[in-house]
Amino acid sequence: MASISRDRNGNRTIQFVAADGKRRSVRLGKMPMKMVNEVKLKIEALNAAAVTKISVDGETAKWISTLDSVLYDKLSAVGLVPKRTQSELAELGPFIDDYLSKRTDLKPRTHINLLQVRRNLLAYFGANKLMAEVTEGDAEEWRIWLLQHEVKQGSKVVKQKLGINTARRHCGRARQFFRAALKRRLIESNPFGEMKGITVQANSEKFYFVSRAEAEKVLAACPGNQWKLLFALSRFGGLRCPSEHLALRWGDVDWQRGRITVRSPKTEHHEGKESRVVPLFPELRPYLEQAFDEAEPGTEFIITRYRNENQNLRTQLERIIAKAGLKPWPKLFQNLRSTRETELAESFPLHVICAWIGNSQAVATKHYLQVTDDHFDAACQAVHNPVQQPAETTRNNSQESRPPIVFTGSCDTLRNHANGGVPPAGLEPATAGLEIRCSIQLSYEGTNAKPTIILVHRAAAE
């Protein structure tokens, strides 16, 4: 018989007496008790088979085949199952499990995303599929399968469909698995290596601008101030949810200068991108002040609830939006960030808002900035009032509305003025008595608004 123990940190361990008479321990960590009891029963069955030197039952053998490499290696270390050979590691399921167990550097969200890809790979190819047997054609067929496939959920078969961008990401992560196998020389080529079109593309159909009026309705429907703050940090602060929300500490808020230091788990592996400073926007300040007033003395984190990484905030937000009388929009939290960045782009340079939101200008332009109905309305209502000369119908009206312009002087003066200058005087003095004098009058003829010069001669001076 095996026994279960628990230390003060909540870690659980299963102990049993092996076939050699020695006590062995299998440390399971913080595993739910229901799963611990299941593992305990399987360990007892495996140990009984080892003591009596008989084969394990079919159910236990099937259970062993589904184990990830972490638990399998623990059972192998105490002699309950044989160590996996190199050829077994070349099988799709065992290899991915071994790979994930060694990637201790992965972020929790990244690990979850890779597990989703693992599930879909095994659902299509099977856990025991040799990675070397997967061809480029198989990879393309799996990609098509992702867009419309069936999965078993208990006794039911459910149709599922991944979005195009989600399928692209799945293919990129599958390529990551096979690239790791290629580096270990378990396969000779990567079937996903030459696959095209696996980068995420902008999809304007998924854009949605969450207006101020809609945001107010959602905030009014939030069940408490912590949820209001979660929503406000996304809509008015432009933070990534939930990673950046849960990382916020009260020490990050500079009330006097009106700034917040936002730690970014997603980009911290890039130099200089571990955090950024954003303004304490006036729309955001009331919700932070309310949370500060309610916080217990010595509280470190701003968001004290919903800190469980497995908490499904998206589903909860969908319920809140429905309660507010609105229809949930696509990409709930992404479009809150997108809306805020689009708003800020109306008032600040792009490089400034990118520093606040935490993305590059290329990413902002492609995936975040939206063209809204307000942009079209503003363009349609723009005032265009050029200076125009009203058309005239008759000559008489033209003359009445434009009084004659009279210029009086010598004809030489007029000619010199028209030629752009006055010729230099000669050696002989000017003879005033021979000078013919005249005057001109500008008259507007017709409707073309072009003046006609009329010369009026008068007697020479005596």
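**View A. Burial of Tyr99 and its ring neighbour Phe95 in helix 5.** In this predicted model, Tyr99 has a relative accessibility of 8% and counts as buried, because the cut-off for that class is under 20% relative accessible area. Phe95 is likewise buried, since its relative accessible area is 0%. Both residues belong to helix 5, which spans residues 92-102, and they are 4 residues apart, or about one turn of the helix. A search of the whole structure finds 13 aromatic pairs. Among them is the pair of Phe95 and Tyr99, which is stacked, with 6.4 Å from centre to centre and 20 degrees between the planes.

**View B. The edge-to-face pair of Tyr99 and Phe177.** A pair of aromatic rings is described by the distance of the centres and the angle of the planes. For Tyr99 and Phe177 these values are 5.6 Å centre to centre and 85 degrees between the planes, and the pair is edge-to-face. This pair links distant parts of the chain, for Tyr99 lies in helix 5 whereas Phe177 lies in helix 8 (residues 164-183), with their positions 78 residues apart in numbering. Tyr99 and Phe177 are both buried. Through ring pairs, Phe95, Tyr99 and Phe177 are linked into a cluster.

**View C. The open sheet of 3 strands and the helix that packs on it.** The strands of this open sheet follow the order 1-2-3, and their pairing is antiparallel. Strand 1 (3-6) and strand 3 (23-29) are the edge strands, each of which pairs on one side only. From one strand to the next, the twist averages 25 degrees. Helix 1, formed by residues 33-52, packs on the sheet and touches strand 1, strand 2 and strand 3, while the direction of helix 1 makes about 15 degrees with that of strand 2.

**View D. The pairing of strand 1 with strand 2.** Strand 1 and strand 2 (residues 12-17) run antiparallel and are joined by 4 bridges. At the level of single residues, Ser5 has Thr13 in strand 2 as its bridge partner.

**View E. Arginine side chains over phenylalanine rings.** Two contacts between a charged side chain and an aromatic ring are described here, one for Arg307 and one for Arg340. Arg307 lies over the face of Phe301, at 4.0 Å from the ring centre. The charged end of Arg340 sits over the ring of Phe281, at 4.4 Å from the centre of that ring.

Notes. Residues numbered from 1 in each chain as written. Predicted model: local features only at pLDDT ≥ 70, side-chain atom pairs only at ≥ 80, totals over all residues. Heavy atoms only, no water. Pairing = 2+ DSSP bridges. Helix = DSSP H or I, 4+ residues; strand = E, 2+ residues; numbered from the N terminus. Axes fitted to C-alpha atoms, helices over the stretch in contact; angles between N-to-C directions. Contact = heavy atoms within 4.5 Å. Phe/Tyr/Trp six-rings, centres within 6.5 Å; stacked < 30°, edge-to-face > 60°. Buried < 20%, exposed > 50% of the residue type's maximum accessible area, 1.4 Å probe, protein only. Lys NZ or Arg CZ within 6 Å of the ring centre and 35° of its normal.
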